[in-house]
Amino acid sequence: MEQLLEQIKNVNDTANGFIWGTFGIVFLLGTGIVCTIVTKCPQITRFGHIVKNTFGQLFKKDIHKKMDNDPGTLSQFQAVCIVHGFAHWMGGFVKIKSEKGEGTKPRMRRKRSTG
């Protein structure tokens, strides 16, 4: 079993070295530059539109009335609450590694005594 884990670790280290090495970083940057050129640089040419429709919407008073009339829409506060609650819910299933590399023991619920 130890030998298998060591082989998996070696394969993982080799793959990480390839992906996050010079080739992988150059490939990611090159892809980003090509996509920016092909789409005519929307990060710069559409900057005003982006700001107007994201940060500009936060300060409009009538946007909340519009959102209330649309069925199935969430406010920003509702979206943050959902994400925050999901993160806490998932935290119960994830074993957090300590600094020593040991996993924490999962908590077991005690059965209530009836009597």
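**Exercise 1. A greasy patch**

Which residues make the nonpolar surface patch of about 910 Å²? Work out, too, which elements give two or more residues to the patch.

*Solution.* A quick word before you start: this is a predicted model.

Step 1. Pick out the members. The patch is made by Phe18, Ile19, Trp20, Phe23, Ile25, Phe27, Leu28 and Leu29.

Step 2. Assign them to elements. Two elements give two or more residues to the patch, helix H1 (2-19) and H2.

Step 3. See who gives the most. That is H2, with five residues. Phe23 has its place in helix H2.

**Exercise 2. The whole chain at a glance**

Describe the fold pattern of the protein chain, then say how much of the chain is buried.

*Solution.* Step 1. Count the elements: the protein chain has seven helices and zero strands. Going along the sequence, you read α-α-α-α-α-α-α.

Step 2. Turn to burial. Of the 115 residues in the protein chain, 3% are buried.

Step 3. Look at the surface. The protein chain exposes about 11600 Å², and carbon and sulfur atoms supply 65% of that.

Step 4. Check the confidence before you lean on any of this. Mean pLDDT for the protein chain is 77, with 69% of its residues at 70 or more. Confidence is lowest in helix H6 (residues 62-69), where the mean is 62, and highest in H2, at 93.

**Exercise 3. Sizing up H2**

Test whether the length of H2 agrees with what its residue count predicts, then judge how well H2 is covered.

*Solution.* Step 1. Get the expected span. H2 has 17 residues, and at 1.5 Å a residue they should span 24 Å. Mind the counting here: the 1.5 Å is multiplied by one less than the number of residues.

Step 2. Compare with the model. The end C-alpha atoms of H2 are 24 Å apart, so the two values agree.

Step 3. Ask about cover. H2 is hardly covered, as one of its 17 residues is buried.

**Exercise 4. Past the end of H2**

Find what Lys40 and Cys41 have in common in their backbone angles, and say how exposed each residue is.

*Solution.* Step 1. Place them. Lys40 sits in the loop between helix H2 (22-38) and helix H3 (42-45). Cys41 is found in the loop between H2 and H3 as well.

Step 2. Read the angles. Just after H2, Lys40 takes a positive phi of about 65°, although Lys40 is not a glycine. For Cys41, phi is near 55°, again a positive value in a residue other than glycine.

Step 3. Recall the background. Most residues other than glycine have a negative phi.

Step 4. Look at exposure. Lys40 has a relative accessible area of 68%, so Lys40 is exposed. Cys41, at 24%, is partly exposed.

**Exercise 5. The salt bridge**

How many salt bridges does the structure hold? Name the partners and explain how they sit in the helix.

*Solution.* Step 1. The structure holds one salt bridge.

Step 2. The side chains of Lys9 and Asp13 meet in this salt bridge, at 3.2 Å from N to O. The cut-off is 4 Å, so the pair qualifies.

Step 3. Both residues are in helix H1, and because they are four residues apart, about one helical turn separates them.

Step 4. Check exposure. Lys9 is partly exposed at 46% relative accessibility, and Asp13 is partly exposed at 40%.

**Exercise 6. Cysteines and a start residue**

How many disulfides does a search of the whole structure find? Then describe the setting of Gln76.

*Solution.* Step 1. The search finds zero disulfides. Background for the bench: a disulfide is a covalent bond between the sulfur atoms of two cysteines.

Step 2. Look at Cys35 too. Its relative accessibility of 44% makes Cys35 partly exposed.

Step 3. Move to Gln76, which is found in helix H7 (residues 76-91). Gln76 is partly exposed, at 41% relative accessible area.

Step 4. Add a distance. Gln76 and Leu58 are 18 residues apart along the chain, and their C-alpha atoms are separated by 9.3 Å.

Definitions and conventions: Residues numbered from 1 in each chain as written. Predicted model: local features only at pLDDT ≥ 70, side-chain atom pairs only at ≥ 80, totals over all residues. Heavy atoms only, no water. Buried < 20%, exposed > 50% of the residue type's maximum accessible area, 1.4 Å probe, protein only. Areas by Shrake-Rupley, 256 points an atom, 1.4 Å probe, with all protein chains shown as cover. Patch = residues over 30% accessible without salt bridge, like charges linked within 9 Å, V, L, I, M, F, W, Y side chains within 5 Å. pLDDT = per-residue confidence, 0-100. Disulfide = S-S within 2.5 Å.
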